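Q: Could you take a close look at the second largest pocket for me, and at the strands around it? I'd like the cut-offs spelled out as you go.

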Amino acid sequence: MAAPSEGGAGPGPGRPPPGDLRSVLITSVLNLERLELDLFRGRHHWVPATQRLFGGQIVGQALVAAAHAVSRAEQVHSLHCYFVRAGDPKVPVLYQVERTRTGKSFSVRSVKAIQHGQPIFTCQVSFQLTQESPLQHQFTMPDVPPPEELLTQEELIQKFLQDPNLAERYRKRLNKIQAEDVPIDIKPVNPPDVRCSEPQEPKQLFWVRARGYIGETDMKVHCCVAAYISDYAFLGTALLPHRLYRIKLMASLDHSMWFHAPFRADHWMLYECESPWAGGCRGLVQGRLWRRDGVLAVTCTQEGVIRVEQTPNQSKL
């Protein structure tokens, strides 16, 4: 992973094909400015309607910072993060890296994200030199339609907005989503009907990829992009059985990822998400990112705080 320059030039992908645009995730979002050997500054590309920093951005940028503190031969195999304060979208984030351990096979880097002199996020990242093993197995990828047969999230929103009978509160919500400049391409496999508030099974499937071109490059770059992508709509899986309730607060508490096999984050991957449990104002979600050829590339877990208020037609008893 190429070292950033003082001007902020970050990891550079290969030359994009003619007429193609390099992903903004590489040129901007995950492009950190190096201030000292192990101190970096990150800026924001997209801020959710909550006006809190997007958790995937912080995870992705923290992984970029950690990756600059190991050799090119070492690849990330896991990360474990805690979100300890809400991020302020009006100021940059500083990432301070500690070289916790450098071993023969594994190395650990600790990252602290700081705003206003206080940590907003902590993360430990483990890297490994490639090692072969005869012990291998994985789950089977779900059988779903390919992305070429599905509508994008934008196309689905347009389809709903054309319905003259769509309730105004749903129309406002869809227009808000449509206005977001998220640098991710998304194609839901079984999109929920926004006009329906019936409980659903806490599972969802969608094809995802980085918007734009990244190309063949250090695998750590694709892992950083996947870290960004992994947080988008992830915790929302826990809300599917509880669609009658209005959300007061929903925010990530922690986030973990395990990287199993090489992949291209600018190629379509199937994101399989499920929520095995919710309670105590918290929800737990698990996810798997599958390559199109059926190889399990990444596993994710997250717990988040979810506070809701009862809708007017819901009993207070």
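A: Sure, pocket first. The second largest pocket comes out at about 960 Å³. A pocket here is an open set of points on a 1 Å grid over the protein atoms alone, where a 1.4 Å probe fits and protein lies on both sides within 12 Å along at least five of seven lines; lining residues have an atom within 4 Å of a point. The volume is the space filled by probe spheres set on the points, with grid points joined across faces, edges and corners.

Before going on, a caveat: this is a predicted model, with local features needing pLDDT of at least 70 and side-chain atom pairs counted only at pLDDT 80 or more, while totals for chains, interfaces and linings use all residues. Residues are numbered from 1 along each chain as its sequence is written, and side-chain values use heavy atoms, leaving out hydrogens and water. The chain averages a pLDDT (the predictor's confidence in each residue, from 0 to 100) of 88, and 85% of the residues score at least 70.

Back to the lining. Of its 26 residues, Gln-131, Phe-259, His-260, Ala-261 and Pro-262 sit closest to the pocket centre. By class you get 13 nonpolar, 11 polar and 2 charged residues; Ala, Val, Leu, Ile, Met, Phe, Trp, Tyr, Cys and Pro count as nonpolar, Asp, Glu, Lys and Arg as charged, and the others, Gly among them, as polar. Two or more residues each come from E3, E6, helix H5 (219-230), E9 and strand E12 (296-309), and E3 gives the most, with 3 residues. Those labels are DSSP runs numbered from the N terminus: helices are H or I with at least four residues, strands are E with at least two.

Now the strands. The open sheet has 12 of them, in the order E1-E2-E4-E5-E6-E3-E9-E12-E11-E10-E8-E7, with antiparallel pairing; two strands pair if DSSP finds at least two bridges between them. At the edges, strand E1 (33-36) and strand E7 (184-188) each pair on one side only.

Look at E6 in particular. E3 runs antiparallel to E6 and is joined to it by 9 bridges, with Val-76 standing opposite Phe-127 in E6. E5 is also antiparallel to E6, through 10 bridges, and there Phe-106 has Gln-128 in E6 as its bridge partner. E5 and E6 form a hairpin with 2 residues between them, and His-116 in that turn has a positive phi of about 50°.
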